[in-house]
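The following points are offered to a colleague who will read the coordinates alongside the text. They move from the chain as a whole to its sheets, its helices and the annotated positions.

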Amino acid sequence: MAASASSTFSQSLLSRAIPNHPATHNSALPPHSLSFLSAVKPSLPSARAAASSSRRRSTRSRSSCAVVRAAAVETLQKTDTELVEKSVNTIRFLAIDAVEKANSGHPGLPMGCAPMGHILYDEVMRYNPKNPYWFNRDRFEEDLKQFRQWGSQTPGHPENFETPGVEVTTGPLGQGIANAVGLALAEKHLAARYNKPDAEIVDHYTYVILGDGCQMEGIANEACSLAGHWGLGKLIAFYDDNHISIDGDTEIAFTENVDARFEALGWHVIWVKNGNTGYDEIRAAIEEAKAVKDKPTMIKVTTTIGFGSPNKANSYSVHGAALGSKEVEATRQNLGWPFEPFHVPEDVKKHWSRHTPEGAALEAEWNAKFAEYSKKYPEEAAELKSITTGELPSGWESALPTYTPESAADATRNLSQQNLNALATVLPGFLGGSADLASSNMTLMKAFGDFQKSTPEERNLRFGVREHGMGAICNGIALHSPGFIPYCATFFVFTDYMRGAMRISALSEAGVIYVMTHDSIGLGEDGPTHQPIEHIASFRAMPNIFMFRPADGNETAGAYKIAVESRKTPSVLALSRQKLPQLPGTSIEGVAKGGYVISDNSTGNKPDVILAGTGSELEIAAKAGDELRKEGKAVRVVSLVSWELYDKQSDEYKESVFPAGVTARVSIEAASTFGWQKFVGDKGKAIGIDKFGASAPAGKIYKEYGLTVEAVIEAAKSFF
């Protein structure tokens, strides 16, 4: 529960907005949709009453932490206090009513965070509610009465593929702030590449709300450490400091000085002491944050979870459950709210509605500005348009290398590097890096330098040993603009450290490319801690993700082709450390089918036996086929490089590869045999590894584990 709570709302408010002109990517919805978002997203795990907050502050904050005084902020649009209060309470009660009707949800956080949410969406960010996919955008959505119901646009957690205006899908704690780092990185990178002295075409902020639960998750620290290192000055994080998580007051498990930690990470830190009603404090904090250009800002906003609820405010009971009818009525009385459920007062509606014409004007202004930019800088404009629209350059795939059986044997990680560098020259949105393993993963783009604080225009990302943060940051990059194609890399076994982010990639339709090397026992002496066994099967079981295990150069190129084209499906490429030959019969086109025949001496679609393999074991299957043919057998050898793509093929095609009448089937893969029965059937044989690996030279392990040509031949002959 706690895990889904904080990151959920952090993502719901994750937004991108431009300062003084055309707005940029925001999940920004007008405040009423914000209330919806906060309602659908479990509230952040933390809270406490303002009156009691000072009791522990002296031990939790440092004197160097900026404390914002209430002050008029001339540069931010302001509304009279009475209307602001009414707007804020509208947000609170829309959240209360939505959760109450669904009898499910998290009302506490939106009740406490409504003031900062309202000021952000109403006064700070710039967006066009009528065009949720404008490059410089925020979004609008309303479907509150169907909150958490089948088929509605208001699911229990924010889902970018369901709800227009939601930037990213979240739920697991810490994902939102990590995605925000990716969004802010994308802005800084695009601004450095395409802004000109006479044309600042990219200039927007990324805002995110996170809570104590997010702060506790390691992924948040990984991502925030990188944000400080990279100097992402247009990232502003609002820390909902309410001191309540699902189990109770955070004093039971979370007493560190968050301010000091963020300062050590290279962030500017501001403290708003009264987040419940201190509207001018919030405005001043935002203004101060935007004045800091060289580092990200965390604004700690002390709020009361469930603000306004007479009996449940400042308690864990308001965190993840409906208030109940009696407490809803008591809260209405306490806050002087005489309206029926889901009511938006006319003056509030009128006030918020102004964003529609204003947003349209902002988009028109930016479009005109971009038109002028295109005349002056046509090449840069074409590249930027490719990134913002997702339209790949014509003929890009011709850059992919091809191989023949005469080409030198090589590890598929090295062949991957050849493909990466070929793609870097033709795809303007292609960027990425490794978790401190670039020289082993072979993921450096030779034509570019490192993205750093002083060189944000470069395209090699150095993530350090932060796998989970790396994956979530790449999700943010991918979802910033459809033409961004981020990749990230580590050893395949270390996907265990980043699986949460990879699952969110699949769920949120973020086409990240995961370059995973050292894919099997073939890595040898590093032993079982580094040798993946169950990993391939686990990703094959995950929906909406392509699991590739290419056998040679052509299959590696084919995997990259699909991965680049698949902007709504992430891809995992499991690549070898050891050298592999370039096999006859493999092809880029074959990979697109997922499974295909690489050699066959049978007639009438009636082979005596079918041998199937992937990756480094396809060579073993091919050699076994050659030996069996010498004995007069009709043998078909099949590459199953991607089960997911094969599953998409027609029944007729599948019958042409695995005819139903042929039950003599053998598979070989240096991984778990789980799942292979769907191909070899009840009568077939699956050769693999259903135990952990061992530390020894790769050849010795293969022999001891029975992954040999001889083992395949023996299994095949058992059918004759």
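1. The expected span of a helix is 1.5 Å times one less than its number of residues. Helix H10 (residues 279-291) may be judged by that rule: with 13 residues, H10 reaches 19 Å from its first C-alpha to its last, close to the 18 Å expected. The model under discussion is a predicted one.

2. Helix H6 (residues 175-194) invites the same reading. H6 contains 20 residues, and the distance from its first C-alpha to its last is 29 Å, close to an expected 28 Å. Of those 20 residues, 19 are buried, so H6 is largely enclosed by the rest of the structure.

3. Some values describe the whole chain. The protein chain has 27 helices and 21 strands. It comprises 720 residues, of which 64% are buried. Among contacts with a separation of 6 or more, 80% are made by residues 24 or more positions apart. The exposed area of the chain is about 24800 Å², and carbon and sulfur atoms supply 51% of it.

4. Strand E4 (residues 235-241) deserves attention. All seven of its seven residues are buried, so E4 is largely enclosed by the rest of the structure. Both of its faces are covered: on one side the buried residues are Leu235, Ala237, Tyr239 and Asp241, and on the other they are Ile236, Phe238 and Asp240.

5. Which strands pair with E4? One is strand E3 (residues 205-211), which pairs with E4 in the parallel sense over six bridges. In this pairing, glycine 211 has aspartate 240 of E4 as its bridge partner. Another is strand E8 (residues 297-302), which runs parallel to E4 and is joined to it by six bridges. Here tyrosine 239 stands opposite lysine 300 in E8.

6. The surroundings of H10 bring several of these elements together. The buried residues of H10 are Tyr279, Glu281, Ile282, Arg283, Ala284, Ala285, Ile286, Ala289 and Lys290. What covers them includes helix H4 (81-102), helix H5 (108-124) and strand E7 (268-272), as well as E3, E4 and E8.

7. A sheet of six strands is open and has parallel pairing, in the order E11-E10-E12-E13-E15-E14. Strand E11 (460-462) and strand E14 (546-548) stand at its edges with a single partner strand each, so one side of each lacks a neighbour in the sheet. The twist averages 20° from one strand to the next. Within this sheet, strand E13 (residues 513-517) and strand E15 (residues 571-574) run parallel and are joined by four bridges. Isoleucine 513 stands opposite serine 571 in E15.

8. Another open sheet has five strands, ordered E17-E19-E18-E20-E21, and its pairing is mixed. Its edges are strand E17 (596-600) and strand E21 (685-687); each has a single partner strand, so one side of each is left without a neighbour in the sheet. The average twist from one strand to the next is 20°. Strand E20 (residues 665-668) runs parallel to E21, and three bridges join them. Isoleucine 668 has isoleucine 687 in E21 as its bridge partner. Helix H22 (residues 616-630) lies across E17, strand E18 (609-613), strand E19 (635-639) and E20, and runs at about 170° to E19.

9. The feature "active site" is placed by UniProt, in an unreviewed entry, at Glu467. Is glutamate 467 buried or exposed? Buried means under 20% relative accessible area; glutamate 467 counts as buried because its relative accessibility is 9%. Glutamate 467 belongs to helix H17 (residues 467-480). Not counting residues up to four places away in sequence, glutamate 467 touches Glu222, Ala435, Thr490, Phe494, Tyr497 and Met498.

10. The unreviewed UniProt entry also places the feature "binding site" at His106, His319, Arg413, Ser440, His518, Asp526, His530 and Arg577. Histidine 319 is in the loop between E8 and helix H11 (325-335). With a relative accessible area of 0%, histidine 319 is buried. Serine 440 lies in helix H16 (residues 438-441). Leaving aside neighbours within four places in sequence, serine 440 is in contact with Arg413, Phe491, Thr517 and His518. Arg413 and His518 are among the positions that carry the "binding site" annotation in the UniProt entry.

Notes: Residues numbered from 1 in each chain as written. Predicted model: local features only at pLDDT ≥ 70, side-chain atom pairs only at ≥ 80, totals over all residues. Heavy atoms only, no water. Helix = DSSP H or I, 4+ residues; strand = E, 2+ residues; numbered from the N terminus. Buried < 20%, exposed > 50% of the residue type's maximum accessible area, 1.4 Å probe, protein only. Contact = heavy atoms within 4.5 Å. Areas by Shrake-Rupley, 256 points an atom, 1.4 Å probe, with all protein chains shown as cover. Pairing = 2+ DSSP bridges. Axes fitted to C-alpha atoms, helices over the stretch in contact; angles between N-to-C directions. UniProt positions renumbered as here; feature names shortened; annotations may be inferred.
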